[in-house]
Amino acid sequence: MSRGIFITFEGGEGAGKSTQIRTLASALEEIGRDVLVTREPGGSPGAEAVRHVLLSGAAEPFGPGMEAVLFAAARSDHVEQVIRPAVERGAIVLSDRFLDSSRVYQGVTGNLEPDFMRTLEKVAIHGMTPDLTIILDLDPEEGLRRASARRGDEIADRYEKETLAVHRRRREAFLDIAAAEPERCVVVDASMPPDEVAAAIADAAYAVISRVGDEAGQEVGQ
Ligand code: T5A
């Protein structure tokens, strides 16, 4: 049995991550693949318990360092309880946010030390680096408009309510990550209609699925 594949979706608020994960998951299930859809913060019972503390803003008064440690604790549980076992059984795991969100939201716009962030990341993911990261790139003004339209009367969460300037910095930080790690990251223009965004994502995902399949074939043939 070949190993599974780990794909993460990143980007600003309302960029269309959840919409696109659903579309890709359905397409992969139709061709008979075992697919696991998950999200961060959360994805495992322990991490979901921490999600509320983070998104309600309850941890905000204690500073970005405290929040970064909580995200890392949640991620470690999510990786060990859910992601790693699924990838080991051969599933394709699609995660709505992962390590790049911490790099951007806590590291860059939280102004935390790069060494501190690298150490936390190492402990949290323990080698579980994504095979592919789709970065959905969108003008934050449009993303916030979409997120607000979808939310209706509910109040914005701890991160959504921040200033446009902060959201713009996050957009740049995601693009910087993509430029620094082109083997892992693919940037997709999220301002296109949903079916065009889905087609670009499918191209990137199938390329990685076929590459991992070829590697597995070579290992078997050795
Ligand atoms: N966070 C998270 C950190 O600070 N550090 C971390 O380490 C991690 C993991 C999570 C928050 O936590 C922060 C980042 C976040 O602020 P969340 O509630 O899980 O918050 O929400 P988000 O991940 O931000 O996702 P959103 O729910 O805001 O948006 P999505 O999933 O990107 O967008 P989606 O698919 O729900 O679409 C939004 C709306 O737009 C429409 C959809 O129909 C929907 O109504 N839409 C489109 N409209 C036009 N054209 C398109 N192409 C469209 N695609 C979708």
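**Entry 1: the fold**

I started by counting elements: the chain has eight helices and five strands. This is a predicted model, so everything I note here is read from a prediction. Walking along the sequence, I wrote down the pattern β-α-β-α-α-β-α-α-β-α-α-β-α. Next I looked up how compact the chain is. Its radius of gyration is 17 Å, close to the 17 Å that the globule rule gives for 222 residues, so the chain is as compact as a globular protein of that length.

I also noted the span of the C-alpha trace, which is about 55 × 40 × 30 Å along the principal axes. As for burial, 47% of the 222 residues count as buried. Then I turned to contacts with a separation of 6 or more: 80% of them are between residues 24 or more positions apart. The exposed area of the chain is about 10,900 Å², and carbon and sulfur atoms supply 55% of that area.

**Entry 2: the largest pocket**

How much space lies in the largest pocket? I got about 960 Å³. The lining has 37 residues, and Glu13, Gly14, Lys17, Ser18 and Arg150 are the closest to the centre.

Which helix gives the most to this lining? That is α1, with five residues. I marked α1 as residues 17-30. Other helices that supply at least two lining residues each include α2 (45-55), α3 (64-89), α4 (99-108), α6 (140-151) and α8 (194-221). Sorting the lining of the largest pocket by class, I have 13 nonpolar, nine polar and 15 charged residues.

**Entry 3: the cavities**

I moved on to closed spaces and found two cavities of 30 Å³ or more.

The largest cavity holds about 130 Å³ of space. It is lined by 14 residues, and those nearest its centre are Gly11, Gly12, Glu13, Leu138 and Arg171. I had already written down Glu13 for the largest pocket, where it is among the residues closest to the centre. For the largest cavity, β4, α6 and α7 each supply at least two lining residues. The largest share comes from α7, with four residues; this helix covers 164-180. By class I noted seven nonpolar, three polar and four charged residues around the largest cavity.

The second largest cavity has about 80 Å³ of space. Which helices each supply at least two residues of its lining? They are α3, α4 and α5. Helix α5 has the largest share, four residues. I listed the residues that line this second cavity: Ala68, Ala72, Arg75, Leu99, Ser102, Arg103, Met117, Leu120, Glu121 and Ala124. By class they come to six nonpolar, one polar and three charged.

**Entry 4: Asp100**

Is Asp100 buried or exposed? Asp100 is buried: its relative accessible area is 0%, and the cut-off for buried is under 20%. I placed Asp100 in helix α4. Then I checked what touches it, leaving out residues up to four places away in sequence. On that count Asp100 touches Glu10, Thr133, Phe174, Ile177 and Arg184. Of these, I could place Thr133 within β4, which runs 132-137, and Phe174 and Ile177 within α7, which runs 164-180.

**Entry 5: backbone oddities**

I then went through the backbone. What kind of peptide bond joins Glu40 and Pro41? It is a cis bond, with omega about -10°. Pro41 lies in the loop between β2 (35-39) and α2.

Next came positive phi values outside glycine. Asn111 is one of these, with phi near 55°. I found Asn111 in the loop between α4 and α5 (114-125). Asn111 counts as exposed, because its relative accessible area is 60% and the cut-off is over 50%.

His126 is another residue that is not a glycine but has a positive phi, about 45°. Where does His126 lie? His126 is in the loop between α5 and β4. At 55% relative accessibility, His126 counts as exposed too.

Note on methods
Residues numbered from 1 in each chain as written. Predicted model: local features only at pLDDT ≥ 70, side-chain atom pairs only at ≥ 80, totals over all residues. Heavy atoms only, no water. 1 Å grid on protein atoms, 1.4 Å probe; cavity = no way out; pocket = protein on both sides within 12 Å on 5 of 7 lines; lining within 4 Å. Points joined across faces, edges and corners; volume = space filled by probe spheres on them. Nonpolar A, V, L, I, M, F, W, Y, C, P; charged D, E, K, R; others polar. Rg over C-alpha atoms; globule rule 2.2 N^0.38 Å. Buried < 20%, exposed > 50% of the residue type's maximum accessible area, 1.4 Å probe, protein only. Contact = heavy atoms within 4.5 Å. Areas by Shrake-Rupley, 256 points an atom, 1.4 Å probe, with all protein chains shown as cover.
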